[in-house]
Amino acid sequence: MASLPAFREPRQHLGEKLAALHWPIVALLLLVGAIGYLLLYSAAGGSHAPWAWRHGVRLGVGLGIMLAIAMVDPRVWYRLAYPAYATTLALLVAVELIGAFGKGAQRWLDLGVIQLQPSELMKLALLLALARYFHGLHLDQIKRPLFLVPPVALILVPVLLVLLQPDLGTAVMLAAGGGILLFMAGVRLWKFALAGAAVGLAAPVLWSRLHDYQRQRVFTFLDPESDPLGAGYHIIQSKIALGSGGLWGRGFLHGSQAQLSFLPEKQTDFAFTMLAEETGFAGAALVLVLLLALVLLGVVVAIRAASPFGRLVAIGVTANFALYVVINVAMVTGLIPVVGVPLPLISYGGTAMLTVLIGFGLLLGTDLHRDRTLGRFPGDP
Amino acid sequence: MRHDAERQRSFTRRALVFGGAQVALFGALGARLWRLQVEEGERYRLLADDNRISARLLMPPRGRILDHRGRELAHNIPTYRVRIVREQARDARATLGALSRLITLPEARQAAVLTEVAAVQGFRPVTVRDDLSWDEVARVALHVPDLPGVILDSVDVRAYPHGEALAHVLGYLGPANATDQAEDPDRLLRLPEFRIGRSGIEQAHDRELRGQAGLLRVEVNALGREIRELSRDEPTPGRDLELSLDLDLQRYCFERLSGELAASAVVVETATGAVRALASVPSFAPSVFQGRLHPGLWQELRDNPRTPLVNKCIRGQYPPGSTFKMITALAALEAGVSPTARVGCSGVYGLGNARFHCWKEHGHGSVAMIEAIEQSCDVYFYEMARRVGVDAIAAMGARFGLGQPLGLDLPGELPGLLPTRAWKRQRFNQPWHQGETLVAGIGQGYVLTTPLQLAVMTARMCNGGRAVRPALARDHGAEPPGTVGVPAEHLEIIRKGMRAVVHGGRGTARQATLGLPGVEMGGKTGTSQVKRISRADRQAGRHKRKDRPWHERDHALFVCFAPYDAPRFAVSVIVEHGEGGSRTAAPIARDIMRRALELLPPEAAPALTAQAD
């Protein structure tokens with residue numbers, strides 16, 4: 001591995017960096033997180049406990065971490081990309097082993113203070129590793145199939161490990177996130193078509209490997225009314241809650257489906273449903289617009305970045321965030337099966353929020369140091 | 001650098017494609033939301049309300065049943081019960097243990113309660129014990145503040161304070177079954193604690209008594225827990241129902257009959273048909289049908305040959321015997337027979353080769369109609385029956401309410417039977433024999449009547465021929481009665497004959513005078529055969545022997561009305577297998593009549609008449 005490239009630009013002061021920060025993104029993140037706080041306040045029937053205040057604390061801590069990460073020079077992340085990937089992969093394997101010796105599905109490592117979910121960290125580690133890999137490649141090299149073997153392996157190994165956990169939602173997100181990064185790196189479209197065809201052929205095999213509850217989710221998604229009190233209950237109640245919100249909603253704290261517990265998981269995966277019930281189409285569409293604004297700002301940041309590494313990290317973070325939103329909202333509106341993906345910054349739950357905010361830290365850092373090309377490293381292929 | 005520039009252009013292109021794709025995806029999600037929330041919002045709003053709002057029916061209190069003076073015959077009394085709510089009682093087992101020191105609570109019951117408590121949702125109360133004694137209520141009430149999750153409350157239970165004496169009239173209540181619910185759309189029937197009238201007045205007047213369900217709309221959560229009350233329509237209590245029955249007279253009748261193995265008595269107002277007493281012996285304790293029915297007891301009640309479960313007043317069908325002779329006499333009068341025409345009785349009546357015996361072995365000699373009724377001469381009525389034919393007798397009987405249900409407001413009234421030629425042909429596909437006419441003429445053979453019919457028949461004979469109908473509830477069948485269509489002078493002959501039965505020198509019920517100064521009574525005895533007397537029996541004298549088994553002995557009947565000058569009440573008494581109308585039934589009927597006249601002096605009458613008009 002090569003030595004760190006020399007800085008082209010002079011070192012900036014912290015104050016200058018803060019001033020140059022992409023504040024609109026920070027403001028949007030804060031706004032969406034605050035909406036999440038209000039929603040969790042309502043989910044508890046008008047109480048800060050047990051969810052809202054902890055959400056607020058996590059949001060504050062997360063935003064702090066994000067800003068701290070944004071201050072760090074991207075070359076640090078460039079250098080840490082492979083070690084981070086390797087560490088996270090080891091953690092995934094560790095979780096897998098503990099799960100094998102323990103009982104049932106194991107998704108996190110209990111570190112005492114926090115429960116670490118390596119599959120969430122892997123979303124970031126994977127995009128850093130892919131970004132680093134493609135940063136050093138020529139466009140001609142990218143076009144050669146042989147050069148696609150390492151990144152595809154980088155994607156498939158964690159995807160398979162997560163599938164084994166089993167966590168369909170995260171596996172889908174990892175695969176999709178990795179795929180988007182390959183696309184952004186310049187991999188030819190026909191190769192995606194080929195991969196799609198391969199997945200299509202592998203689908204029957206994959207289906208046979210799915211757990212019963214995962215298959216049940218697919219069945220239930222295809223016909224929720226077939227089992228209204230059982231597996232279909234989530235989707236039906238979610239649609240009722242959404243629909244009954246109407247154009248203007250039933251009022252803050254007045255969504256009967258959520259307040260009366262008909263809506264399951266209202267504080268986590270189905271938080272968007274509750275939002276749509278209480279604030280109607282108007283509120284739900286507004287939040288969608290805010291989230292889309294974040295995505296589009298992320299795309300702009302990616303386009304503006306000078307280095308391929310920065311571009312890929314920024315677009316990867318953005319894609320990861322967009323995947324969360326699209327999968328979650330599509331899930332609660334009954335467009336796709338219930339796969340257990342939260343809505344970042346709004347759903348209650350620490351890991352997803354932390355992943356997203358760390359990701360935005362990288363993105364903001366990229367934007368802050370967007371003029372740095374990182375150079376081409378002599379030792380890289 | 002060329003590569004870099006090209007690479008950057010490629011990235012930018014693809015990033016824009018990505019951004020465009022995101023706009024499209026978010027747009028699709030927005031469109032989906034629009035469809036669910038705005039286009040289909042109404043439908044989902046209704047579904048959400050379906051989820052949210054739970055309607056609960058509220059039980060109305062059942063109306064009381066009162067006698068004509070307003071005394072309670074059936075009412076509701078609260079019984080106290082203890083219930084437990086799991087989520088409020090932190091430790092159900094300990095709570096039950098504490099309760100078991102206050103009330104009788106066997107280990108087995110505690111275990112059953114714990115099982116049920118564990119099975120239901122935490123906020124649903126489970127009954128620990130009901131029917132608590134006052135002492136237990138007091139002890140639990142004292143300790144309720146220290147026993148979280150313990151509820152002491154009361155439920156209404158139907159009470160019949162006069163027990164057996166009114167069991168047949170009042171009937172009883174039972175849970176509504178699927179058939180009831182199919183026949184009656186009233187939502188009250190779907191309430192598990194609702195009880196529907198299963199017989200008697202409780203069944204006949206169930207709709208007035210039950211009231212109307214109230215409706216409580218509550219907001220519930222997904223677990224069914226009530227969050228708050230949205231609206232409440234109070235239930236409409238059931239109407240109190242006043243009967244024409246006189247409680248004292250009813251109890252007197254029941255006690256007076258209780259000396260017999262199986263008997264019944266009916267007292268009606270002659271002017272209106274209002275029933276003043278309706279007693280059937282033996283009876284049953286109404287509590288038998290409350291709570292869990294003991295199978296052994298049920299079996300015993302059902303198989304008892306004295307039929308305690310049957311209201312004999314309306315469901316006992318007996319040959320009327322000589323009490324039917326007035327009908328035969330009226331049919332003869334209508335056919336033009338002179339009341340003074342005499343018939344010779346030698347104790348036996350020949351028809352072809354057959355011989356028909358009079359109850360008096362050596363005959364009554366020459367008798368006219370009034371004497372024939374007074375002495376109950378069978379031969380006279382054989383002759384009358386032969387002259388007018390069975391169809392005329394049946395037609396006359398029908399005009400006096402026989403052979404048909406009279407529409408009393410009690411379920412299960414049986415019609416009795418007035419045989420005709422057509423009936424026999426249809427029933428047995430056999431021709432009618434004249435001998436059967438003779439037998440029918442003295443109220444034997446196929447003829448069947450109920451005690452209620454005999455009382456109503458007597459009332460119609462002495463009230464000037466008004467075709468009154470019997471009723472128990474005050475406002476039941478209030479339309480003015482028609483007429484039986486018999487000339488007053490014919491009825492007067494019958495009345496005279498019936499007076500002679502009690503007051504005549506040779507009357508069959510001479511010992512049954514009322515003993516009230518200036519009050520005379522008209523009556524008629526009847527003794528109806530249960531077992532046909534064969535020629536061999538007669539020759540052996542077995543038909544008079546006292547050692548016949550109970551169920552083969554003759555029924556004893558008596559019908560009467562009083563006072564003779566202004567008839568107020570008609571009474572019929574039937575003692576099953578009581579052997580002699582004059583000896584067994586007449587004294588009972590006399591006592592009942594006397595008691596009725598004492599308990600219900602004439603000044604009470606106008607009120608009822610006014611009500612009926």
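In this predicted model, A:V61 is found in helix α3 of chain A, and with a relative accessible area of 48% A:V61 is partly exposed. Together with A:W53, A:V57, A:I65 and A:L354, the valine A:V61 forms a nonpolar patch on the surface, whose members have about 420 Å² of accessible area together. Helix α3 of chain A, covering residues 52-71, supplies the largest share of this patch, namely four residues. In general, an α-helix has 3.6 residues a turn, so residues three or four places apart point the same way.

Chain B also has a helix named α3, here residues 92-100, and its buried residues are B:A92, B:T95, B:L96, B:G97, B:A98 and B:L99. The elements that cover these buried residues include the strands β3 (72-85), β4 (125-129) and β5 (150-159) of chain B, along with the helices α4 (107-119) and α5 (134-143) of chain B. At the N-terminal end of α3(B), the residue B:D91 acts as a cap, with a side-chain oxygen that lies 3.1 Å from the backbone nitrogen of B:R93.

Elsewhere in chain B, the arginine B:R62 lies in the loop between β1 (53-58) and β2 (65-66), and at 10% relative accessibility B:R62 counts as buried. The side chain of B:R62 makes a polar contact with the side chain of B:E202, at 2.9 Å. When neighbours within four places in sequence are left aside, the residues in contact with B:R62 are B:N76, B:R158, B:L173, B:R195, B:G197, B:E202, B:D206, B:L209, B:R210 and B:G238.

The cysteines give a further view of chain B. The count of disulfides over all chains comes to zero, and two cysteines of chain B illustrate this with the distance from their sulfur to the closest cysteine sulfur.

| Cysteine | Closest cysteine sulfur | Sulfur distance |
|---|---|---|
| B:C253 | B:C313 | 8.9 Å |
| B:C377 | B:C345 | 3.7 Å |

Because a disulfide needs two cysteine sulfur atoms within 2.5 Å, the 8.9 Å between the sulfurs of B:C253 and B:C313 is too far for a bond, and the 3.7 Å between the sulfurs of B:C377 and B:C345 is likewise too far for a bond. As for their surroundings, B:C253 is buried, with a relative accessible area of 0%, and B:C377 is also buried, with a relative accessible area of 0%.

Notes
Residues are numbered from 1 along each chain as its sequence is written. Chains are lettered from A and ligands numbered from 1 in the order in which they are written. This is a predicted model: local features need pLDDT of at least 70, side-chain atom pairs count only at pLDDT 80 or more; totals for chains, interfaces and linings use all residues. Side-chain values use heavy atoms; hydrogens and water are left out. Buried means under 20% relative accessible area, exposed over 50%, partly exposed in between (1.4 Å probe, protein chains only). Patches are made of residues with over 30% relative accessible area and no salt bridge: like charges are joined within 9 Å, nonpolar side chains (Val, Leu, Ile, Met, Phe, Trp, Tyr) within 5 Å. Accessible areas come from the Shrake-Rupley method with a 1.4 Å probe; for residues, only the protein chains shown count as cover. A salt bridge is a side-chain nitrogen of Lys or Arg within 4 Å of a carboxyl oxygen of Asp or Glu. Helices (H or I, at least four residues) and strands (E, at least two) are DSSP runs, numbered from the N terminus. A polar contact is a pair of N or O atoms within 3.5 Å; within protein, one must be able to donate a hydrogen and the other to accept it, and residues adjacent in sequence count only if both atoms are side-chain atoms. Contact means heavy atoms within 4.5 Å.
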